Amino acid sequence: MHLKTDSKPTLLWLQGVTCNGNTHSFLNLSSLVDLLASYELLYHPSLPSLQTFENVSTCKFKCDIVVFEGTFDPLLQLNNISVHRILKHYVQSAKYVIAAGSCASFGGMFKASAPERNSGLIFNEMLQEGPLLYCKEKVINLSGCPIHPEWLGYTLSMILEGEEIILDSYHRPVELYSYLAHHGCTRNEYFEWKIDSKMFGEKEGCLYYEQGCRAPMTHASCNKILWNEISSKTRSGMPCFGCTEPDFPRADFFTTKTNMSIPEDVPLGVSKRSYLTVAGIAKTFHIKRLEGKLIDYKRTD
Amino acid sequence: MITRELIEQIEGEASVSFEMKRDKVNFATIAFPHFRGMERILQGKSALDALVITPRVCGICGHAHLMASVRALESAYAHAGHAICLSHKAQTIREFTLVMEMIQNHFKWFYLTLIPELIKLRRTSKNSTPLKGAFAASLASKTLASFAGQWPHSSYMLPGGVTCDPTHMERIKSQGYLKELIHFFETETLGTTLQNFLSFESCKEMNALQSDISYVEQALLASGMHQKGFAYDRFIVLGEHSFSTPSKMKQTRPFLVESKYVRVKESYSPQEQTYAKNALYKNDYYETGPLARAMTAHVPIIRNIHRRFKDSAYSRVMARIVELASLLQHATELLKVVDPTETSLVAPEPIHTITAEGIGIVEAPRGVLMHKVSIVSGVIHRYEIITPTQWNIGSDTKIDPTPVQQAMIDVTKEEALFIFRTFDVCSVCTTH
């Protein structure tokens, strides 16, 4: 599926139950100026737009692309008009609907605001029961809490170029979500040799064994492309919270669930048996370099 | 007659119902219609999970929520008899990243809100340059993310310190971005050097400049905003930081403050359902934010502006711009003293051993932000958040108007809508 128009495509940014985090994340995009020059903004929650939201909410316009941020709540009223009605109207003319962030993709953080009725656009956590199920072929999920600006930049550019965007079973672009957050983590060597971080606040050690890190089970290119082009959760000593997955937010973010001191969830696609075999062998070695501090700040003179 | 105006692009929406009298605002009430139930979502969660959940209150000031949250937890530790002592490094990095988020916010407000709204108010055809704001804010986010891992939704603080363990490399990279940002600020926003601007003691010295700030200053005066938008001339600052002076003020008289006197009450919004609650100190409304911070800290140029124009819309706007300049200077100083060889975090007792109440107060971009937590064996029993917009943009009756209601009285509707935005409103924080 691709979009071919002679004039600039029109983009509408709508919001459900949200914190505006995806809006602000998008503003960090390094190619924002160029990208926006290729689109007409019908409405955006913080950028100058062709229309006010008040006008947009009356469902008088059409658009080519809908970006939806936030959890879908069927009872939510925006300017006293049902968000369901507004969404349905604009989705009709749109060739693409982009769910920006985990709330719009799966329900995310604000599913908990009204768990009995809130969901993402196609998915309610893992189940396909969202309001846009009837036109799911239009929907691209860019999960993440928040969305990485480059993921949206990529998707909007691919659409402009008429390139096909191949999606995974959760409707996420495979070029963005085939990587794991683990790929590119600076703690990889500690993971390989099964050396856990003794405590928070150190650059040494792997956060997977005790500190709750979900990176080996989480589809995201965070550690490949980095956040704000400079860092990531794990590089700043934080475990990955698995924010791109349908089960985000889980509970006890800073603790790894274990059974008999073995992590309950092992790296994606690896059988528990293989994992335990390799881990058992790796743990028998004592590698002095990895057990001490990475950098010795003591003067040698 | 009552007319309703939808206010957009304030991190969500709000609506203002105006009661007009001879083309001037006689009274206005404000409704924030969206609600997420953050405090309820936090109940029953592990106390440390608040450090992941509360930054998601707000996309533009999530870092301030993170810091309020970690301070609330640390205060609970202290009440449980385990006082936490932060390393100088952890303190400095926390302060630096908080300041950078404020800078990010102020740049966005200046270019994405203030200038376009001024152009609209003046009915001139000047082009606004909103993407300058996004560019500057993205640089501020980079300097912040060098330590916090990412922005928005940073979560890199834990009771006892910070989780990052930077080398001089991260500090120098961050410094490079900060220098680039200051260069942008000097060439585009100020039209003079940061040092020169910070030496100004009167706004008249801005007359010689040819820049975005001189446009704003002149447009505000031409719109009469130095004679409009007065609230109560009462200010409150509660967050303790290297850049703030906690105090409350009536005009220029300072008084001691104690956070225990902060309370909330239901909003008055007869036209439309609202989920917002008003924040007060004892029984009085106070303005919070950059103007309050400049007043309690005796910033010379703002005290001078206040002497002439009191707490007008002009003073409120100029205070935020001057704060942007002084925070850029302060951030530079903070970064110089980050010492990678110090400890980042001293691990406290496990959280499940803690049963106590805690309070965390910070100065967020828009003013006082409070988090109150009650923990039972490491689990959140109760959580309460009071945000700056609840102080500034409450909605009460005619007898007891809030700062913004007071500031909108007796001006035209167009002026009132502009004055509303001089407070820098955050809808998502207000109702959380």
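Q: What average pLDDT does chain B have in this model?
A: Happily, there is a clear place to begin with this predicted model. In chain B, 100% of the residues score at least 70. The average pLDDT of chain B is 97.

Q: And for the complex, what ipTM does the predictor give?
A: The predictor scores the complex with two numbers. The pTM is 0.97, and the ipTM is 0.97.

Q: Which helix of chain A gives the most to the side of chain A that touches chain B?
A: Start with the interface, where 49 residues of chain A are in contact with 55 residues of chain B. Helix 1 (21-26), helix 2 (32-37) and helix 3 (53-56) of chain A each supply at least two residues of the side of chain A that touches chain B. With 4 residues, the one that gives the most is helix 1 of chain A.

Q: By class, how many nonpolar residues does the side of chain A that touches chain B have?
A: That side of chain A is a mix of classes. It has 17 polar and 7 charged residues. The nonpolar residues number 25.

Q: Which are the edge strands of the open sheet in chain A?
A: This sheet has 5 strands with parallel pairing, in the order 2-1-3-6-9. From one strand to the next, the twist averages 25 degrees. An edge strand here pairs on one side only, and that singles out strand 2 (40-43) and strand 9 (139-142) of chain A.

Q: Which residue in strand 6 of chain A stands opposite Ile65(A)?
A: Strand 3 (residues 65-69) and strand 6 (residues 96-100) of chain A pair in the parallel sense over 5 bridges. Opposite Ile65(A), in strand 6 of chain A, stands Tyr96(A).

Q: At about what angle does helix 6 of chain A run to strand 9 of chain A?
A: Helix 6 (residues 149-161) of chain A lies across strand 3, strand 6 and strand 9 of chain A. Relative to strand 9 of chain A, helix 6 of chain A runs at about 155 degrees.

Q: Which strands of chain A do the buried residues of helix 4 of chain A pack against?
A: In helix 4 (residues 83-93) of chain A, the buried residues are Val83(A), Ile86(A), Leu87(A), His89(A), Tyr90(A) and Val91(A). They pack against strand 1 (10-15), strand 3, strand 4 (77-78), strand 5 (81-82) and strand 6 of chain A.

Q: Over in chain B, how are helix 4 and helix 14 oriented, roughly parallel or roughly antiparallel?
A: The axes of helix 4 (residues 88-122) and helix 14 (residues 413-422) of chain B come within 10 Å and cross at roughly 170 degrees. Angles over 145 degrees count as roughly antiparallel. Helix 4 of chain B is therefore, relative to helix 14 of chain B, roughly antiparallel.

Q: Which residues of helix 14 of chain B make the contact with helix 4 of chain B?
A: By class, this contact has 2 nonpolar, 1 polar and 3 charged residues. Helix 4 of chain B brings Thr113(B), Glu117(B) and Leu121(B). From helix 14 of chain B come Glu414(B), Phe418(B) and Arg421(B).

Q: Is Thr97(B) buried or exposed?
A: Thr97(B) is found in helix 4 of chain B. Leaving aside residues up to four places away in sequence, Thr97(B) touches His63(B), Leu144(B), Phe147(B) and Ala148(B). Because Thr97(B) has 27 C-beta neighbours inside 10 Å, it counts as buried.

Q: Which residue in strand 7 of chain B stands opposite Val237(B)?
A: In chain B, 3 strands form an open antiparallel sheet in the order 6-7-8. Strand 6 (234-237) and strand 8 (253-255) of chain B stand at the edges, each with a single partner strand. Strand 6 of chain B is joined to strand 7 (residues 247-250) of chain B by 4 bridges. Opposite Val237(B) in strand 7 of chain B is Ser247(B).

Q: Which residue in the turn between strand 12 and strand 13 of chain B has a positive phi?
A: Strand 12 (residues 367-376) and strand 13 (residues 379-386) of chain B run antiparallel, joined by 7 bridges. They form a hairpin with 2 residues between them. The turn residue with a positive phi, of about 45 degrees, is Ser377(B).

Terms used: Residues numbered from 1 in each chain as written. Chains lettered and ligands numbered in written order. Predicted model: local features only at pLDDT ≥ 70, side-chain atom pairs only at ≥ 80, totals over all residues. pLDDT = per-residue confidence, 0-100. Contact = placed C-beta atoms within 7 Å. Nonpolar A, V, L, I, M, F, W, Y, C, P; charged D, E, K, R; others polar. Pairing = 2+ DSSP bridges. Axes fitted to C-alpha atoms, helices over the stretch in contact; angles between N-to-C directions. Buried ≥ 20, exposed ≤ 12 C-beta atoms within 10 Å, placed from the backbone. Parallel < 35°, antiparallel > 145°, perpendicular 65-115°, else oblique.
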